[in-house]
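This report goes through one structure by region, from the interior to the loops. The sequence and the model come first.

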Amino acid sequence: MTVHPSLQTYADAWTHSVEAISELVTPLVEGEWNRRTPCPGWSVRDIVSHVIGMESEMLGDPRPIHTLPRDLFHVTSEFARYTEMQVDVRRHHTAPEMTSELEYTIIRRARQLRNETRSPDTKVRAPLGTEQTLELAMRMRAFDIWVHEQDLRATLGMPGNLDSPGAFITRDVLLQGLARVVAKDAGAPANSAIVVDVHGPLEFMRTVRVDAQGRGTVDGAPSLGPLATIALDWETYVRLACGRVRYETVADRIKVEGDHDLADTILRAFAVTP
């Protein structure tokens, strides 16, 4: 047990998802590691490499010294270049090398989490040479691990854990970006409300309210006269918000009431992950 209950919540979610990832990939034969996933530009091997790399950084391990090839067209930002380094350096590793390194990394991280005594507001290493609080770092690792577990499940045809501890953390992380999507990216008019109604393994309803200055906020109170209501299942919400699919490819899974043009604009701008 960690000292702080808030950190334990993230540690438990991380453990649940990372152990699921290990179970998913351990039986895979060599060729299956090259299968393309919904995560743009990444194979099964690449996702596992990313997991190993980011957890190694949480352990304080040095980053690899490596030059990225120039033909990685999915790498379009400095953040993407940062994360790709840990991925590309492992692209020629064999299946046994991948599973053994993953297992060793999980053991080390689990030990670190069991012995964690730092306070949630302790500053720790973050991508691109910056710092973040330990609580934010652990929240984002739990979020990232769960999303990549779902990438692997989609690729391998083994759905599950859509309502696991990591799913609830993912919901909260993704909802933090919903106000920006509606108010700024989609340009919803001032003094309006848009309702997002999610059903499935994880059910919730949120109202995005845009004030007179065009700023958006999210709350759980219903709106009596929303400009638009968007209803979709939890899995589709995740895939859209994490940039795994385009709206046009999942439009048949989404029901819209009210202003269809605004809803279409919102759904086309729905991705909130970098």
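What follows describes a predicted model, taking the nonpolar cores, the aromatic pairs, the helix packing and selected loop residues in turn.

## Nonpolar cores

The largest nonpolar core has 74 residues. The members that touch the most other members are V25, W234, Y237, L240, I254, I266 and F270. Helix α5, spanning residues 134-156, gives the most to this core, with 10 residues. Another core lies apart from it and has five residues, including L68, V75, A80 and M85.

W234 can be looked at in more detail. At 0% relative accessibility, W234 is buried, because the cut-off for that class is under 20%. Leaving aside residues up to four places away in sequence, W234 touches W146, L162, A167, T170, R171, V198, H199, P201, L202 and F204.

## Aromatic pairs

A pair of aromatic rings is described by the distance of the centres and the angle of the planes. The model has five aromatic pairs by the rule used here. Two of them are set out below.

| Pair | Centre-to-centre distance | Angle between planes | Class |
|---|---|---|---|
| F204 and W234 | 5.9 Å | 75 degrees | edge-to-face |
| Y237 and F270 | 5.1 Å | 85 degrees | edge-to-face |

Why is the pair of F204 and W234 edge-to-face? The planes of its rings stand at 75 degrees, and an angle over 60 counts as edge-to-face. This pair links distant parts of the chain, with F204 in strand β4 (residues 204-210) and W234 in helix α8 (residues 234-241), 30 residues apart. F204 is buried at 6% relative accessibility.

The pair of Y237 and F270 also links distant parts of the chain: Y237 belongs to helix α8, F270 to the segment after α10 (260-268), and 33 residues separate them. Y237 is buried, its relative accessible area being 1%. F270 is buried too, with a relative accessible area of 3%. Ring pairs join W146, F204, W234, Y237 and F270 into a cluster.

Charged ends over rings are a related feature. The charged end of R63 sits over the ring of Y82, 3.7 Å from the ring centre. Likewise, the charged end of R109 sits over the ring of W14, at 5.2 Å from its centre.

## Helix packing

Helix α6 (residues 165-175) is mostly covered, with eight of its 11 residues buried. Those buried residues are G166, A167, I169, T170, R171, V173, L174 and L175. They pack against helices α1 (5-25), α5, α7 (178-185) and α8, and against strands β4 and β5. Two of the residues named here, A167 and T170, are also among the contacts of W234.

How do α2 and α3 lie to each other, roughly parallel or roughly perpendicular? Their axes come within 8 Å and cross at roughly 110 degrees. Angles of 65 to 115 degrees count as roughly perpendicular, and α2 and α3 are therefore roughly perpendicular to each other. On the α2 side the meeting residues are D46, S49, H50, G53 and E57, and on the α3 side they are Y82, T83, Q86 and V87. Y82 in α3 is also the residue whose ring lies under the charged end of R63.

## Loop residues

P64 is located in the loop between α2 (44-58) and α3 (78-88). With 24% relative accessibility, P64 counts as partly exposed. Not counting residues up to four places away in sequence, P64 touches M85, Q86 and V89. The C-alpha atoms of P64 and S49 are separated by 12 Å, and the two residues are 15 apart along the chain.

G225 is in the loop between β5 (216-219) and β6 (228-233). At 60% relative accessibility, G225 is exposed. From G225 to A13 the C-alpha distance is 37 Å, at 212 residues apart in sequence.

Two further loop residues have a positive phi although neither is a glycine. L128, in the loop between β1 (123-125) and β2 (131-133), has a phi of about 65 degrees. Its relative accessibility is 44%, so L128 counts as partly exposed. N191, in the loop between α7 and β3 (192-199), has a phi of about 60 degrees. Its relative accessibility is 63%, so N191 counts as exposed.

Conventions
Residues are numbered from 1 along each chain as its sequence is written. This is a predicted model: local features need pLDDT of at least 70, side-chain atom pairs count only at pLDDT 80 or more; totals for chains, interfaces and linings use all residues. Side-chain values use heavy atoms; hydrogens and water are left out. A nonpolar core is a set of buried Ala, Val, Leu, Ile, Met, Phe, Trp, Tyr and Cys residues joined through side-chain atoms within 4.5 Å. Buried means under 20% relative accessible area, exposed over 50%, partly exposed in between (1.4 Å probe, protein chains only). Helices (H or I, at least four residues) and strands (E, at least two) are DSSP runs, numbered from the N terminus. Contact means heavy atoms within 4.5 Å. Rings of Phe, Tyr and Trp (its six-membered ring) pair if their centres lie within 6.5 Å; planes under 30 degrees apart count as stacked, over 60 as edge-to-face and the rest as tilted. A charge sits over a ring if NZ of Lys or CZ of Arg is within 6 Å of the ring centre and within 35 degrees of the ring normal. Axes are lines fitted to C-alpha atoms, for helices over the stretch in contact, and angles run from 0 to 180 degrees between N-to-C directions. Angles under 35 degrees count as roughly parallel, over 145 as roughly antiparallel, 65 to 115 as roughly perpendicular and the rest as oblique.
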